[in-house]
Amino acid sequence: MSFDKKINFELASNSVIRGNDEDAAQLTQEALANGITAKEFLDFGLIPGMDVVGARFRDGDMFLPEVLLAARAMKAGMELLKPELSKSDIKPAGKVVIGTVAGDLHDIGKNIVIYMLEGTGFTVLDLGINVATETFISAVQQHQPHILGMSAFLTTTMPAMRQVIESLQKSNLREGVKVIVGGAPVTEHFAHEIGSDAYAEDAGTAVTICKRLARLDNS
Ligand code: B1M
């Protein structure tokens, strides 16, 4: 049977919605084998599926165990996309330390940002999820990155970003590092209010902005 891009994307979205990791992996493999780019497959296949999951969960039509299965299916696809998203012949563009803030266990969006940063030549140190303020601070002290990135996916964990920026100031580290924040509930306005240098609404924009921030830092 010939490969149909539209059907592949639809089936991939459905595999995330149904939480079927085997299907998600197989459809990802098929897409890559048929010349679909990792970015296109994410944007039109996996992520739209997760958007449906989010809306159903919000409306009470889906429950936590199903959301966990959806996340597992999404990750099964992402694992296969990672090599392509992270492939880079470009020399290091800068160093980024990144993590999901304290109290927050979401990491799918953060990981996409990381893969795409690595794919454009950034060296990335991933601090993981539920990262305490002190851990961000000591990572900046120890690794002296050009950029500190923070993700928050819950309205209740967004204030932790402010705490990290305040701690950077108190530790006299703020001048030496650019800060970028993101995650579904975070806005440009919020980023500005807490004193972040930048905000990005998606991984592609995050890469463009990090390039700009790293260049400014070096100049
Ligand atoms: Co949760 N969850 N969840 N969840 N979950 C949301 C975020 C929610 C919006 C769902 C909803 O109600 N519709 C809601 C938050 C409501 C709010 O705060 N306003 C919610 C809730 C309530 C919860 C729990 C509290 C549920 C409960 O226990 N009752 C709980 C909290 C746990 C905790 O963190 N303490 C919880 C748990 C979970 C799971 C563990 C089951 C799972 C996470 C699995 C994982 O990540 N490993 C999960 C999931 C999967 C979701 C949804 C459905 C999907 C998130 C996702 O992966 N999206 C989500 C609903 C939604 O967002 N539609 C939801 C796909 C991803 C590609 O997009 O994350 O936006 P996104 O990332 C984007 C951008 O935001 C941006 O680039 C990424 C790629 O383009 N970006 C950055 C991200 N980080 C960036 C950093 C940057 C720049 C850009 O610079 C540094």
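## Exercises on a salt bridge and a ligand site

Glu-10 and Lys-6 are 4 residues apart in helix H1 (residues 5–18), so about one helical turn separates them. The model used in these exercises is predicted.

**Exercise 1.** Find how the side chains of Glu-10 and Lys-6 meet, and give the N to O distance.

*Solution.* Begin with the principle: side chains of opposite charge can pair when their charged atoms come close. Next, apply the cut-off, which is 4 Å from a side-chain nitrogen of Lys or Arg to a carboxyl oxygen of Asp or Glu. For Glu-10 and Lys-6 the N to O distance is 3.8 Å, and the pair forms a salt bridge. By this rule, the count is 10 salt bridges.

**Exercise 2.** Determine where the ligand lies with respect to domain 1 (5–87) and domain 2 (94–218).

*Solution.* First, identify the space: the ligand takes up the largest pocket. Then list the elements that each supply at least two residues of the shell; helix H3 (38–58), strand S3 (147–151) and helix H9 (203–218) are among them. Finally, assign the shell to domains: both domain 1 and domain 2 give residues to it, so the ligand lies between them.

**Exercise 3.** Describe the residues around the ligand and its polar contacts with Leu-105, His-106 and Ala-203.

*Solution.* Sort the shell by type: 20 residues are nonpolar, 9 polar and 6 charged. Of the 35 residues, those that come nearest are Leu-105, His-106, Asp-107, Ser-151 and Thr-155. Then take the distances one at a time:

- Leu-105: a backbone N or O atom is 2.6 Å from a ligand oxygen atom.
- His-106: a side-chain N or O atom is 2.8 Å from a ligand nitrogen atom.
- Ala-203: a backbone N or O atom is 3.2 Å from a ligand oxygen atom.

Technical notes. Residues are numbered from 1 along each chain as its sequence is written. This is a predicted model: local features need pLDDT of at least 70, side-chain atom pairs count only at pLDDT 80 or more; totals for chains, interfaces and linings use all residues. Side-chain values use heavy atoms; hydrogens and water are left out. A residue is near a molecule or strand if one of its heavy atoms lies within 4 Å of it. A polar contact is a pair of N or O atoms within 3.5 Å; within protein, one must be able to donate a hydrogen and the other to accept it, and residues adjacent in sequence count only if both atoms are side-chain atoms. On a 1 Å grid over the protein atoms alone, a cavity is a set of points where a 1.4 Å probe fits but cannot get out, and a pocket is an open set with protein on both sides within 12 Å along at least five of seven lines; lining residues have an atom within 4 Å of a point. A molecule sits in a cavity or pocket if more than half of its atoms lie within 2 Å of its grid points. Ala, Val, Leu, Ile, Met, Phe, Trp, Tyr, Cys and Pro count as nonpolar, Asp, Glu, Lys and Arg as charged, and the others, Gly among them, as polar. Domain bounds come from an automatic or database domain assignment.
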